[in-house]
Amino acid sequence: MDWFRHRDGQLYCEDVPLATIAERVGTPAYVYSARTIEHHVEAIREAFAAVDPLICYAVKANGNLGVLRVLREAGTGFDIVSVGEMHRVLMAGADPTKIVFSGVGKTASEMQSALEAGILMFNVESEEEVEILAGVAASMDRIASVAIRVNPDVDPKTHRYISTGQAETKFGVDIERGEALARVVAGTPSLRLVGVHCHIGSQITSVEPFARAVARIAELATTLRQDIDTVEWLNMGGGFGIYYKDGKAPEMSAYAEAIVPLVQATGLKLIMEPGRVIVGNAGALLTRVLLTKQSGTRRFVVVDAGMNDVLRPSLYEGYHRIWPVLGDAPPPLGDEGGFEPCHVVGPICETGDFLAKDRPLPDVGRGDLMAVMSAGAYGFVMASNYNDRCRPPEVLVRGDEMAVVRVRETLDDLVRYDRGDAPFEQVNA
Ligand code: LLP
């Protein structure tokens, strides 16, 4: 469900024409719909109401401060993976007691900052991390709350780069070692064992891998709970898939039907860490056609957004619908027979710089405005300055209003941290 719609011959975000946004802020530009973000939070909450979950939005999906404020106002907590993300969510007014800290390589100083901020818990991923965190907490005379991230060895059937819950990935501890590690945590004075966590991957579009993973962590948590009464949370991670191509992604209720009974049977509270499912379809990237050209048998549409602005197609062969902003809505998928397949590419000097391959498109030409859909998650956050390109602005729409929640970078921003004339200093060995 999203609030991007073609009507009266052009594409709108909520009640604002995308063409107007492009006129105001230029292209490329990211546009987000507040209403869509709120809708998805509500849909999760409603489906899982029976267990009243703590929804910790995964900040890595989209960390814009404007977006984070929408989420904070919608009452979510946050899943962070760095002190940078913590800084952002605290700036957006997050309640620290609704923050969980994940990640396979937290530094001691990040642990210290998170303890100072008073976060809810650390999702701890290895034996050595337990040692380091215990030391940091002890040195501060604090007790750190810990969930053990286990690797339930479930195949999430998604792209291999975003599959995290199988043996042989770097994430979590093998579930067989989870109990022993949990008992070490429970026996360490500066640590408190509060739960079990897993996250099996991203863009998962079937219920079954989640059900298997939750069943496994529920079993472990139940065993631990028998003699460790501080255990109160099950954290199932994120990973709910969205529609990129068509309307086919499971409804929240389908996930809930499988997962809620498993959680209820444990008597524990549920945390979830959804990212993409909340913001993915709430965003589009606006881009203009610079020119078209023919190479061999192919028609290339060269647009002003490249892999530095939106990396998913290049990195994961991610599919994003692309369609002109002015004109009619695209035909249903598979019904584009009359259109010529084109490669939509960016200006970056890499063959891998493409937004779409062999994509049937109407006859677009110089200056035409296009929208790259479902770009709200892992879009701007993965943007870079490669080829010395300024990162695009971000615009948040609510009803018939828009706010520029991040401005376009300038040429000065590109060289801000360079010190080309830095004097060489003698370095004594
Ligand atoms: N929790 C943990 C511990 C995670 O590592 C992630 C995502 C999430 C939650 C949120 O997952 P989501 O609900 O968004 O699927 N850049 C890739 C996706 C990487 C996901 C990394 N971890 C992409 O563009 O597809």
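This section describes two pockets, one helix and several loop residues. The model is predicted.

The largest pocket holds about 900 Å³ of space. Its lining is made up of 41 residues. Met 1, Asp 2, Tyr 243, Asp 246 and Asn 281 lie nearest the centre of this pocket. Several elements each supply at least two lining residues. They are strand 1 (4-7), helix 2 (34-47), helix 9 (252-266), strand 16 (322-324) and strand 18 (354-361). Helix 2 gives the most, with five residues. By class, 24 of the lining residues are nonpolar, nine are polar and eight are charged. Domain 1 (4-31 + 280-407) and domain 2 (34-277) both contribute to the lining, so the largest pocket lies between them.

Such spaces can be found with a simple test. Rolling a probe the size of a water molecule over the atoms reveals where empty space is left.

The second largest pocket holds about 680 Å³ of space. A set of 35 residues lines this pocket. Nearest its centre lie Lys 60, Thr 164, Phe 171, His 199 and Tyr 378. Helix 10 (276-279) and helix 11 (312-316) are the elements that give two or more residues to this lining. Helix 11 gives the most, with three residues. The lining of the second largest pocket divides into 13 nonpolar, 12 polar and 10 charged residues. Where does the second largest pocket lie with respect to domain 1 and domain 2? Both domains give residues to its lining, so the second largest pocket lies between them.

Helix 9 supplies at least two residues of the lining of the largest pocket. Helix 9 has 15 residues. At 1.5 Å a residue, helix 9 should span 21 Å. Its end C-alpha atoms are 21 Å apart, which agrees with that expected span. Helix 9 also bends by about 35 degrees at Ile 259. A proline, Pro 261, follows within four residues of the bend. Which residues of helix 9 are buried? They are Met 252, Tyr 255, Ala 256, Ile 259, Val 260, Val 263 and Thr 266. Ile 259 is thus both a buried residue and the site of the bend. An α-helix has 3.6 residues a turn, so residues three or four places apart point the same way.

The loops hold further local features. Asp 8 lies in the loop between strand 1 and strand 2 (10-13). Asp 8 has a relative accessible area of 72%, above the 50% cut-off, so the residue is exposed. Asp 8 and Leu 326 are 318 residues apart in sequence. In space, their C-alpha atoms are 9.3 Å apart.

Pro 28 lies in the loop between helix 1 (18-25) and strand 4 (29-33). The peptide bond from Thr 27 to Pro 28 is cis. Its omega is near -5 degrees.

Positive phi values occur at Asp 153 and at Gln 203. Asp 153 is in the loop between strand 9 (144-151) and strand 10 (173-174). Its phi is near 55 degrees. Gln 203 is in the loop between strand 11 (191-197) and helix 8 (208-225). Its phi is about 55 degrees, although Gln 203 is not a glycine. Is Gln 203 buried or exposed? Gln 203 has 15% relative accessibility, under the 20% cut-off, so the residue counts as buried. Asp 153, at 40%, falls between the two cut-offs and therefore counts as partly exposed.

Methods
Residues numbered from 1 in each chain as written. Predicted model: local features only at pLDDT ≥ 70, side-chain atom pairs only at ≥ 80, totals over all residues. Heavy atoms only, no water. 1 Å grid on protein atoms, 1.4 Å probe; cavity = no way out; pocket = protein on both sides within 12 Å on 5 of 7 lines; lining within 4 Å. Points joined across faces, edges and corners; volume = space filled by probe spheres on them. Nonpolar A, V, L, I, M, F, W, Y, C, P; charged D, E, K, R; others polar. Domains from an automatic or database assignment. Expected span 1.5 Å × (residues − 1). Bend = angle between axes of the 7 residues up to and from the residue. Buried < 20%, exposed > 50% of the residue type's maximum accessible area, 1.4 Å probe, protein only.
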